[in-house]
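Thanks for coming, everyone. Please bring up the sequence and the structure, and I will walk you through them.

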Amino acid sequence: MSDDGVPVMILRGGTSRGLYFCAPDLPADPAARDGLLLRLMGTPDPRQIDGLGGATSLTSKVAVIGPSEHPDADVDYLFLQLGVEEATVSDRQNCGNILAGVGPFALERGLVAAREGTTDVRIRMVNSDSVAVAGVATPGGRVTYRGDVAIAGVPGTAAPVTLAFADTEGSATGALLPTGRVRDTVDGVEVTCVDNGMPVVLAPAPAFGLTGHETHDELAADDALAARIDALRTKAGALMGLGDVGGSSVPKTVLLAPPGDGGHVATRSFIPVRPHTAIGVLAAVSAVTGMLLPGAVGHEIATGWPDGTTSVDVEHPTGHFLVDVAVDATADAPRVLRSGVVRTARKLADGWAFPREEA
């Protein structure tokens, strides 16, 4: 880092936006790094007016990327979730949306050589020590962001970024079913706790007096609902072996209901207690994974899907999200055979970021 600032690229990844850094451009000491990132983002401040954040958790995200020594990866990707109103930096989760921008960033920064057509970038997700492969459009050996793929929650279209996940079971908890059970009861609510890239608590929307088809604004205005979600996820987090999650962004809570718009399932997701305008990539992957397990919350919805369904249309407050998941649930310990999604990304800015002075 120079006295004038730090090199940064700002990308939209999926339905999130983040600051992307090369690891050597940030302080090696985690405390110094986090302090710098908070100042760059403008946290703590509900407006983030003196930084680059967008005053929401979806736009207060950071990717730190560098060469990988992992034999199956080209680059390492550390995801950091920064608070908005509180000066917090968390590495306790992955972010599949920000992941969508890692491949393009690695190619743009020369960390991986681009090929003609499509370039696969093998990414070690440091948060979970698992690998994802991003397929990035590189016609003429250069990254392009132009394309005809639309994703719900993002205006217009862009080039596809395919994400295939491997070894994401137990990403934060060490087990696909971190409580050791396919179903638990928390505060009188039947839940399934599942971790296939993201620790998630699945619960039926009617248990909260909801249809599961409420708008984002309706959910956001319900303070009593937020309090119930927080109590549920806090107790579920302890059952999942995550300890005290009061100040953590995980586990996420996903409420399930039968579809209402031609999809396979309706979801309402919370991060961690505020409603998501859509649903996170890995939250959707984990939710579908859980639903495919006999006895799990939501499995009764999945039993109505055509036999062999692996491409699942997940409804959320602003549209649809396709998730590809295959699970072997026949063994005593169910295992994930594959999981993946298609997202898009777009470079928004590339240059230098200037942090405010330390207090």
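One term before we start: a residue is buried when its relative accessible area is under 20%, and exposed when that area is over 50%. Also keep in mind that this is a predicted model.

Let's take helix H6. It spans residues 281-291, and 11 of its 11 residues are buried, so the helix is largely enclosed by the rest of the structure. Run along it and you pass Val 281, Leu 282, Ala 283, Ala 284 and Val 285, all of them buried. Ser 286, Ala 287, Val 288, Thr 289, Gly 290 and Met 291 are buried as well. A helix has 3.6 residues a turn, so residues three or four places apart point the same way. In H6, though, every residue is buried, whichever way it points.

Now, strand E13. It covers residues 265-270. Six of the six are buried, so E13 too is largely enclosed by the rest of the structure. In a regular strand, side chains alternate between the two faces of the sheet. Here, Val 265, Thr 267 and Ser 269 point one way. Ala 266, Arg 268 and Phe 270 point the other way. Both sets are buried.

Which strands pair with E13? One is E12, residues 252-257, antiparallel to E13 over five bridges. Within that pairing, Thr 253 has Phe 270 as its bridge partner. Another is E14, residues 311-316, which runs parallel to E13 and is joined to it by two bridges. There, Ala 266 stands opposite Glu 315.

On to the nonpolar cores. The largest one has 63 residues. Tyr 20, Tyr 77, Leu 99, Phe 165 and Val 323 have the most contacts inside it. H6 comes back here: it gives this core its largest share, eight residues. A second core, separate from that one, has 21 residues. Among them are Val 201, Met 240, Leu 255 and Ala 266. We met Ala 266 a moment ago, in the pairing with E14.

Look at Tyr 20 for a second. Leaving out residues up to four places away in sequence, Tyr 20 touches Val 8, Met 9, Leu 11 and Gly 13, among others. Its contacts also include Ala 63, Ile 65, Ile 98 and Phe 105.

Next, cysteines. How many disulfides are there? The count is zero. Cys 22 is in none, and its nearest cysteine sulfur, in Cys 95, is 19 Å away. Seen from Cys 95, the closest cysteine sulfur is that of Cys 22, and 19 Å is too far for a bond. Cys 22 is buried, at 14% relative accessible area. Cys 95 is buried at 5%.

For contrast, go to Gly 110. It sits in the loop between helix H3 and strand E6. Buried or exposed? Gly 110 is exposed, with 57% relative accessibility. Its C-alpha atom is 31 Å from that of Glu 169, which is 59 residues away along the chain.

Finally, the whole chain. It has seven helices and 16 strands. Its radius of gyration is 20 Å, close to the 21 Å that the globule rule gives for 359 residues, so the chain is as compact as a globular protein of that length. The C-alpha atoms fill a box of roughly 55 × 50 × 35 Å along the principal axes. Buried residues make up 55% of the 359. The chain exposes about 14,700 Å², and carbon and sulfur atoms supply 50% of that.

That's my tour. Questions are welcome.

Terms used. Residues are numbered from 1 along each chain as its sequence is written. This is a predicted model: local features need pLDDT of at least 70, side-chain atom pairs count only at pLDDT 80 or more; totals for chains, interfaces and linings use all residues. Side-chain values use heavy atoms; hydrogens and water are left out. Buried means under 20% relative accessible area, exposed over 50%, partly exposed in between (1.4 Å probe, protein chains only). Helices (H or I, at least four residues) and strands (E, at least two) are DSSP runs, numbered from the N terminus. Two strands pair if DSSP finds at least two bridges between them. A nonpolar core is a set of buried Ala, Val, Leu, Ile, Met, Phe, Trp, Tyr and Cys residues joined through side-chain atoms within 4.5 Å. Contact means heavy atoms within 4.5 Å. A disulfide is a pair of cysteine sulfur atoms within 2.5 Å. The radius of gyration is taken over C-alpha atoms; the globule rule is 2.2 Å times the number of residues to the power 0.38. Accessible areas come from the Shrake-Rupley method with a 1.4 Å probe; for residues, only the protein chains shown count as cover.
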